[in-house]
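This report concerns the structure shown below. Please have the sequence and the coordinates at hand while reading.

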Amino acid sequence: MTTESNLNKVRSSLPVGVKLIAVSKTKNSESILEAYGAGQRRFGENKVQELVTKWETLPKDIEWHFIGHLQSNKVRFIAPFISMIHAIDSFKILKAVDEEAKRAGRIIPCLIQVHIAMEETKFGFSPEEVVELFHNKEVSELKNIIIAGVMGMATYTDDEELISQEFSSLNSLFQTIKEDFFKNNPAFCELSMGMSQDYHLAIENGSTMVRVGSSIFGER
Ligand SMILES: *Cc1c(COP(=O)(O)O)cnc(C)c1O
């Protein structure tokens with residue numbers, strides 16, 4: 001299967017309105033350009049240096065999404081061009097993004113990463129911590145970021161019921177936060193969940209953005 005046919009297969013299974021982030025981490029420019037040639041414009045990367053190199057060399061109308069854990073001291077390298085940061089996992093990093101966005105004269109859309117999976121993960125807020133974050137007045141004082149929604153990853157398992165439960169609980173949290181903190185703010189609208197293994201289940205549970213890598217570009 002070629003990248004283009006894989007891409008078309010994934011696309012045809014997405015409902016209208018669900019955005020596809022083609023996760024191109026570790027993949028070379030040739031593969032990315034093949035997807036680009038087939039009309040794909042949103043790509044996801046999780047390493048700053050790799051992303052910067054790709055941004056420098058690939059077409060400038062690509063929308064780059066940063067989907068990995070981001071360190072404060074590296075934000076400045078991506079702030080001038082990044083379209084969205086998916087995995088904000090601390091107030092500290094949110095502040096760093098705001099600062100670097102300001103320096104770059106930009107407003108950067110950010111998603112708050114919530115850990116919904118059963119397995120222990122290092123990164124992301126618990127559902128309780130997310131609510132706390134939005135109660136923090138300092139967050140609304142950050143003028144160079146937009147909180148565009150939340151992001152999460154389900155447990156890596158074959159148990160579809162468990163995956164569905166986790167996605168469903170993230171959707172509930174998303175709706176609650178929207179109601180409680182962003183009622184008149186249409187910018188808070190993205191629920192980024194679903195990868196190659198589970199994006200069908202994520203969509204059933206309200207995902208608005210899926211991040212799909214290996215089903216498009218092959219195994220890493
Ligand atoms: C790598 C990655 C993906 C894509 O994973 P695939 O299983 O290759 O689809 C999605 N989201 C995040 C955060 C990732 O790191």
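The sections that follow treat salt bridges, a charged surface patch, and selected loop residues.

## Basis of the report

The structure is a predicted model. Residue numbers run from 1 along each chain as its sequence is written.

## Salt bridges

The count of salt bridges in the model comes to eight. One of them links Glu100 and Arg103, with the closest N and O atoms 3.1 Å apart. These two residues are three positions apart in helix H5 (residues 91–103), so about one helical turn separates Glu100 from Arg103. The two partners fall into opposite classes of accessibility. Glu100 has a relative accessible area of 11% and is therefore buried, given that buried means under 20%. Arg103, at 63% relative accessibility, counts as exposed, because that class begins over 50%.

Another salt bridge joins Glu141 to Lys137, where the closest N and O atoms are 3.3 Å apart. Glu141 counts as partly exposed, at 46% relative accessibility, whereas Lys137 is exposed, with a relative accessible area of 59%. A further bridge is formed by Lys183 and Glu179, and its closest N and O atoms lie 2.8 Å apart. Here Lys183 counts as exposed at 58% relative accessibility, while Glu179 counts as partly exposed at 44%. In addition, Glu45, Glu50 and Lys54 are joined into one network by salt bridges that share partners.

## Negative surface patch

Asp158, Asp159, Glu160, Glu161 and Glu204 together form a negative surface patch. Glu204 belongs to helix H9, which spans residues 199–204. With a relative accessibility of 62%, Glu204 counts as exposed, because this value is over 50%.

## Buried polar residues in loops

Gln40 is situated in the loop between helix H2 (29–37) and strand E2 (42–45). The relative accessible area of Gln40 is 4%, so this residue is buried. What does the side chain of Gln40 reach at 2.9 Å? At that distance lies the backbone oxygen of Leu20. The side chain of Gln40 also reaches the backbone oxygen of Arg42, at 2.8 Å.

Asn144 occupies a place in the loop between helix H7 (137–140) and strand E6 (145–151). Asn144 counts as buried, with 14% relative accessibility. The side chain of Asn144 reaches the backbone oxygen of Arg106 at 2.9 Å.

## The loop after strand E6

Is Ala154 buried or exposed? Ala154 lies in the loop between E6 and helix H8 (160–181). At 12% relative accessibility, Ala154 counts as buried, because the value is under 20%. Ala154 and His115 are separated by 39 residues in sequence, and the distance between them in space is 8.2 Å, C-alpha to C-alpha.

Notes. Predicted model: local features only at pLDDT ≥ 70, side-chain atom pairs only at ≥ 80, totals over all residues. Heavy atoms only, no water. Patch = residues over 30% accessible without salt bridge, like charges linked within 9 Å, V, L, I, M, F, W, Y side chains within 5 Å. Areas by Shrake-Rupley, 256 points an atom, 1.4 Å probe, with all protein chains shown as cover. Salt bridge = Lys/Arg side-chain N within 4 Å of Asp/Glu carboxyl O. Lys, Arg positive; Asp, Glu negative; His and termini not counted. Charge placed at Lys NZ, Arg CZ, Asp CG, Glu CD. Helix = DSSP H or I, 4+ residues; strand = E, 2+ residues; numbered from the N terminus. Buried < 20%, exposed > 50% of the residue type's maximum accessible area, 1.4 Å probe, protein only. Polar contact = N/O pair within 3.5 Å; in protein donor to acceptor, adjacent residues only side chain to side chain.
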